[in-house]
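Me: I would like to go through the labels attached to this model and ask, for each, what it rests on. Please set the value against the cut-off wherever a label depends on one.

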Amino acid sequence: MAAASPPLLPISSADANPAATRAFLGRLLDSIKRALSGARPWPELIDRSALSRPESLSDATARLRKNLAYFRVNYAAIVALSLAATLLAHPFSLAALLALLAAWCFLYLLRPADAPPLAAFGRTFSDRETLGGLIVASAFVVFLTSVGSLIFSALALGAALVCAHGAFRVPEDLFLDEPASDAGASLNLLSFITTATGGRV
């Protein structure tokens, strides 16, 4: 009896080790929760009594700089909501991005360093070749389809809302009080990404 031919694509490491996937998702959720814990109260953000027209362009720029430092987490959430709402209104683009994200996770990010090379179409691909293919696929989806224009439009809309609010909201004397913690959070995020990918990025 002839031996069964190997599958074109191997069983993903996430299927072989669901505990690693759960640990990855748990760390990701914890990082998101820690980031959102730094958000300012939303009633403070939308306080209409604190809004006024800036006297000049320099005044608007100064307000925006201070408000960005104070409401940075809230503003990031607004941009993320703008992106999410745009994608939900365009299911095809959302499906394409989810498929791309799944490819990154199962073919690269969640693959352990000692996993066998990816086998497809009668040949094997190294981690470097897999990464190159994912980068090319990402560039195609983002820049050569409508997905890219939707993403950029949503980000532009979110940025416009942030800039308008930051320029019209009168800042108060309680800004820039957590520079050290911000630096620490950035370092923790970079450390998390490096650990989750096995040092490949």
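**Labels and their grounds**

Me: Why is phenylalanine 71 called buried?

Reply: Phenylalanine 71 has a relative accessibility of 0%, and the label is given to values under 20%, so phenylalanine 71 counts as buried. This is a predicted model, and the label describes that model. Tyrosine 70 is judged in the same way: with 7% relative accessibility it counts as buried. Across the protein, buried residues make up 27% of the 201 residues.

Me: How many aromatic pairs are there, and what makes tyrosine 70 and phenylalanine 71 an edge-to-face pair?

Reply: Searching the whole structure gives three aromatic pairs. For tyrosine 70 and phenylalanine 71 the ring centres are 4.8 Å apart and the planes stand at 80 degrees; because a pair needs centres within 6.5 Å and an edge-to-face pair needs planes over 60 degrees apart, the pair is edge-to-face.

Me: Why is the pair of phenylalanine 143 and phenylalanine 152 called tilted?

Reply: The centres of these two rings, phenylalanine 143 and phenylalanine 152, lie 6.4 Å apart with the planes at 40 degrees. The distance has to be within 6.5 Å, and an angle that is neither under 30 degrees nor over 60 counts as tilted, so the pair of phenylalanine 143 and phenylalanine 152 is a tilted one. As for accessibility, phenylalanine 143 has a relative accessible area of 56% and is exposed, whereas phenylalanine 152, with 46%, is partly exposed; the dividing value is 50%.

Me: Which residues form the aromatic cluster?

Reply: One aromatic cluster is formed by Tyr70, Phe71 and Tyr75.

Me: Which residues form the nonpolar patch on the surface, and which helices supply at least two residues each?

Reply: The patch is formed by Phe140, Phe143, Leu144, Phe152 and Leu155, which together have about 550 Å² of accessible area. Helix H7 (127-143) and helix H8 (146-168) each supply at least two of its residues. Phenylalanine 140, which is placed in helix H7, has 47% relative accessibility and counts as partly exposed; a patch residue needs over 30%, so the 47% of phenylalanine 140 passes that cut-off.

Me: How do you know that arginine 123 lies over the face of phenylalanine 125?

Reply: Arginine 123 is 4.3 Å from the ring centre of phenylalanine 125 and lies over its face, and the distance allowed for such a contact is within 6 Å.

Me: What makes arginine 123 and glutamate 129 a salt bridge?

Reply: The closest N and O atoms of arginine 123 and glutamate 129 are 3.1 Å apart, and since the limit is within 4 Å, they form a salt bridge. Arginine 123, at 42% relative accessibility, counts as partly exposed, as does glutamate 129 at 40%.

Me: Why does the pair of aspartate 59 and arginine 63 count as a salt bridge, and how are the two residues placed along the chain?

Reply: Their closest N and O atoms are 3.6 Å apart, which the limit of 4 Å admits, so aspartate 59 and arginine 63 form a salt bridge. Because they are four residues apart in helix H4 (residues 57-70), about one helical turn separates them. Aspartate 59 is partly exposed at 23%, whereas arginine 63, at 8%, counts as buried. The count of salt bridges comes to two.

Me: Which residues does the UniProt annotation "transmembrane region" cover, and how much of residues 69-88 is helix?

Reply: According to the unreviewed UniProt entry, the annotation covers residues 69-88, 94-110 and 131-162. In the model, residues 69-88 are 95% helix and 0% strand, with the end C-alpha atoms 29 Å apart; residues 94-110 are 94% helix and 0% strand, and their end C-alpha atoms lie 22 Å apart. The protein has nine helices and two strands.

Note on methods
Residues are numbered from 1 along each chain as its sequence is written. This is a predicted model: local features need pLDDT of at least 70, side-chain atom pairs count only at pLDDT 80 or more; totals for chains, interfaces and linings use all residues. Side-chain values use heavy atoms; hydrogens and water are left out. Rings of Phe, Tyr and Trp (its six-membered ring) pair if their centres lie within 6.5 Å; planes under 30 degrees apart count as stacked, over 60 as edge-to-face and the rest as tilted. Buried means under 20% relative accessible area, exposed over 50%, partly exposed in between (1.4 Å probe, protein chains only). A charge sits over a ring if NZ of Lys or CZ of Arg is within 6 Å of the ring centre and within 35 degrees of the ring normal. Patches are made of residues with over 30% relative accessible area and no salt bridge: like charges are joined within 9 Å, nonpolar side chains (Val, Leu, Ile, Met, Phe, Trp, Tyr) within 5 Å. Accessible areas come from the Shrake-Rupley method with a 1.4 Å probe; for residues, only the protein chains shown count as cover. A salt bridge is a side-chain nitrogen of Lys or Arg within 4 Å of a carboxyl oxygen of Asp or Glu. UniProt positions are given in the numbering used here, feature names are shortened, and annotations may be inferred rather than shown by experiment.
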